[in-house]
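Me: I am new to this structure and would love a close look at a single part of it. Could you take me through how a pair of packed helices sits together, and then show me a little of what lies elsewhere?

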Amino acid sequence: MIKKLDAKKLYRHCDPKSLGFKTTDDLTPLNDIIGQERAVRALELGLGIRDRRYNIYVAGDPGTGKTSIVKTFLERVSAKEDQPPDLCYVRNFKDPYRPLPLQLPAGKGIQLCQTMDQMIDGLKMSIPAAFESEEYRDRRRKIDELAVANRAHIFELLEAEAEKRGFSLQRTPIGINAIPVLDGKPLTEEQFQQLEPKQRQKFEKGQTEIQPLVQEAIHEVSSLEEQRVEQMTQLNQQVASYLIQPAVSKIKMHFTDQADVLEYLEDVAHDLMKNVDQFFSESDDDDSEAKAPSPAFGEENDPFNKYKVNVLVDNTHTEGAPVVVLDNATYPNLFGKVEYRAMMGTLISDFTLIKAGSLHQANGGYLVLNADNLMRNPLSWEGLKVAFKAGEVGIEDASSLTGQTTIEGLRPRPIPLDVKVIIVGSHYLYQMIESYDEDFKKFFNVKCDFSDRVPWKANYVKQFGPLIKKRCEEYCLLPFDNTGVARVVEYAAQLVSSQQKLSARFSDIMVIAREAVYWAQQADKTKVSVAHVEQAIEEKHYRSNLVEEYIQEMIEDGNILVSVKKTAVGQVNGLSVYDLGDISFGRPTRITATVFMGKDGMVDIESEADLSGKIHTKSQYIIKGWFGEMFASDQPLSLSGSLTFEQSYGPVDGDSASLAELITLLSALSGVPVKQELAITGSMNQKGEAQPIGGVNDKVEGFFHVCAAKKLTGNQGVVIPAQNEKDLMLHRDVVNAVKAGKFHIWSVKNLDDAVEVLMGEKPGKRTRGKFPEGSIYDKVNERLKSFNKGLDGASESEADA
């Protein structure tokens, strides 16, 4: 059935009055999602199941606002959930290379950090003061005096024993020497050797007897010194304990229900007691008996650094569960890192240099990742799967995952992983990951599909105003009146070439809205109306259509041959679309066919020149199938010919020229001319039924521009498949031309309808094996018969020869 379309069918208008407001100032900003019910239900399922296998992959085309919509949805859901705990890392006094994580109620992490700092600052003042008190000095003096007296008594007894045996004792830094005495005078070595042998033997015997006594005295003095040091240490610890224990107990009172914190504080108190001398500098007490041990890893600068609390994640001001969006998922950004400082030609670190990753920040909440970026960081993806499997997240050097040798450093203990991960990416990437990574489905059991379009329904249309209102408030833009919003709605339909759908690529829609504000401001207007939106659309097209203009000029100058008047045999105006990314446009393409006697069949020149894509090649076989069924049921199909897109120098693909190519061939065989005032686009099947195609608006507008440039005659137009009627959202120039009767658009349901429009007569239907005499199909059939007879005659002549 042939239908000549009325101008009202070429564009769907949005009635500004149906929007229910005069300007967007009357509206409340949109806090909802336009359409996407399927996606919302998938999100609700994935977020509702608290299982680390039920993470979510959000799939959709770029520009549909997937990430912002997911973030908005998550913020709404997370606001109803509990605050997650703070995360801190502290020194592990039993194994300094393995810092301990502490998870505390929100706000308690900062409290622990501050109270620990306050305690150390207080002890730095109170402990030295206590050790400078008179009471302490008296007790220490008594210990020293007792030790000195006991030591003196031991030496007195030793000297008495030595004197009995004729010796005097001489104390040196390396020991005690027994020196022989004769007539009250100590003997030199030379004098000793000049003694009588008998007297010398007597001294030697005495020296042998006194040596054990000297050793025993040295041992007793050493024991006395150990006792003195122990008593001094006990005194120091007693004084320190009097100050340290109450200070630690005061902190414990705030964390009575945190067993791990209480255990940590016990370790802190024990270490403070053991290393009380770290509160004194060497100049304060050069004789300090209990020197602090050598500093641990990374503590060369400050011995009190080990008592600090490193608050990695502070959720004090977090309302509900956290929502973290990570655009660059490098391994350190995702899993955290341990930083190093250069000192004395080496790298040092400590637990205070541990930095949180997004997994730590999002723990207890939600983490949104970009799929493309994540897959560009394979270590991050592998680490994420390891974290899912183990149910915990650690902080380690990324090179350790590859088995490379790393410098010796900290290995913080991991924390339990409680996070819902949402990956946002394309459909293609989802299929690739699912096909090639067997672990993917184990941890991402929910796919959330975002459509790039929503139905044109009243409830969705009415949400455009609040959406624009929201953007106007965010960026302090001029308000829109209802005509401006209505035109934005129509533009959303134009983006998807449909009278029944609206584009869900709101980023593209908001670009036009933002530019419309600019043009309204340039015109000194206080609100944006339809004229400003229209200008923004036209200006955007103008910025990008340089190539389109070049091609149009080449057609107008006759460099590209396109005829829009009269008729021609074996020649049809087909329509093609150029997609340059930021713009797409249509242009007519001359399709020609030649036929002659032979057995080679129809040659598709594009295929022979390797310029044909697979879909276009398939369409050629479909044409041959229809042709064979129609004309070769009672005779062999013998002909030769060629079919081509003239002045086409690049790849050709798609099947939208199937109707045009077949009509070109029918015209060449029948000799019936085709109206060059018309162009046609449409696919077809082997039964001759017309099938819808893409880019119908670009194609119609492309031919209209050529006709307008060469002057409209009132007979020109385009033939499209009937299924594409609902896709028409044509430029107002085309609509106005159709309304004025200067341009026309027909829709057809099959090849016969298309032949009738382009060739001006019905093609004819086979009845009892015959076509109506003189019909187009009859002329084609007779031409084929003449080819067969000619071939048969040629074969007989060759046989006779």
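Reply: Happy to help! Let me begin with a term: an angle between axes counts as roughly parallel under 35 degrees, roughly antiparallel over 145, roughly perpendicular from 65 to 115, and oblique for the rest. Please keep in mind that this is a predicted model.

Two packed helices are described by the angle between their axes and the distance between the axes. Our pair is helix 21, covering residues 614-631, and helix 22, covering residues 658-670; they pack at about 45°, and their axes are 10 Å apart. Helix 21 and helix 22 are therefore oblique to each other. Their crossing is right-handed.

Now for the residues that meet. Helix 21 brings His-616, Ser-619, Gln-620, Ile-623, Trp-626, Phe-627 and Phe-631 to the contact, while helix 22 brings Ser-658, Glu-661, Leu-662, Leu-665, Leu-666 and Leu-669. Sorted by class, the residues of this contact are eight nonpolar, four polar and one charged.

Another pair makes a good companion to this one. Helix 19 (residues 546-556) and helix 23 (residues 696-709) have axes that come within 10 Å and cross at roughly 45°. That angle makes helix 19 oblique to helix 23. The crossing of helix 19 and helix 23 is right-handed. On the helix 19 side you will find Glu-548, Gln-552, Ile-555 and Glu-556, which meet His-705, Val-706 and Ala-709 of helix 23. This contact has three nonpolar, two polar and two charged residues.

You may also like to look at Leu-495, which lies in helix 16 (residues 482-495). With a relative accessible area of 35%, Leu-495 is partly exposed. Leaving aside residues up to four places away in sequence, Leu-495 touches Ser-503, Asp-508 and Ile-509. Leu-495 and Met-729 are 234 residues apart in sequence, yet their C-alpha atoms are 9.2 Å apart in space.

Finally, a word on cysteines. A disulfide is a covalent bond between the sulfur atoms of two cysteines. A search of the whole structure finds zero disulfides. Take Cys-88: the closest cysteine sulfur, in Cys-113, is 7.5 Å from its own, too far for a bond. Cys-88 is buried, with a relative accessible area of 0%. For Cys-476, the closest cysteine sulfur belongs to Cys-472 and is 9.9 Å away, again too far for a bond. Cys-476 is exposed, at a relative accessible area of 71%.

Definitions and conventions. Residues are numbered from 1 along each chain as its sequence is written. This is a predicted model: local features need pLDDT of at least 70, side-chain atom pairs count only at pLDDT 80 or more; totals for chains, interfaces and linings use all residues. Side-chain values use heavy atoms; hydrogens and water are left out. Axes are lines fitted to C-alpha atoms, for helices over the stretch in contact, and angles run from 0 to 180 degrees between N-to-C directions. Helices (H or I, at least four residues) and strands (E, at least two) are DSSP runs, numbered from the N terminus. A crossing is left-handed if the near helix is turned anticlockwise from the far one by less than a right angle, and right-handed if clockwise. Contact means heavy atoms within 4.5 Å. Ala, Val, Leu, Ile, Met, Phe, Trp, Tyr, Cys and Pro count as nonpolar, Asp, Glu, Lys and Arg as charged, and the others, Gly among them, as polar. A disulfide is a pair of cysteine sulfur atoms within 2.5 Å. Buried means under 20% relative accessible area, exposed over 50%, partly exposed in between (1.4 Å probe, protein chains only).
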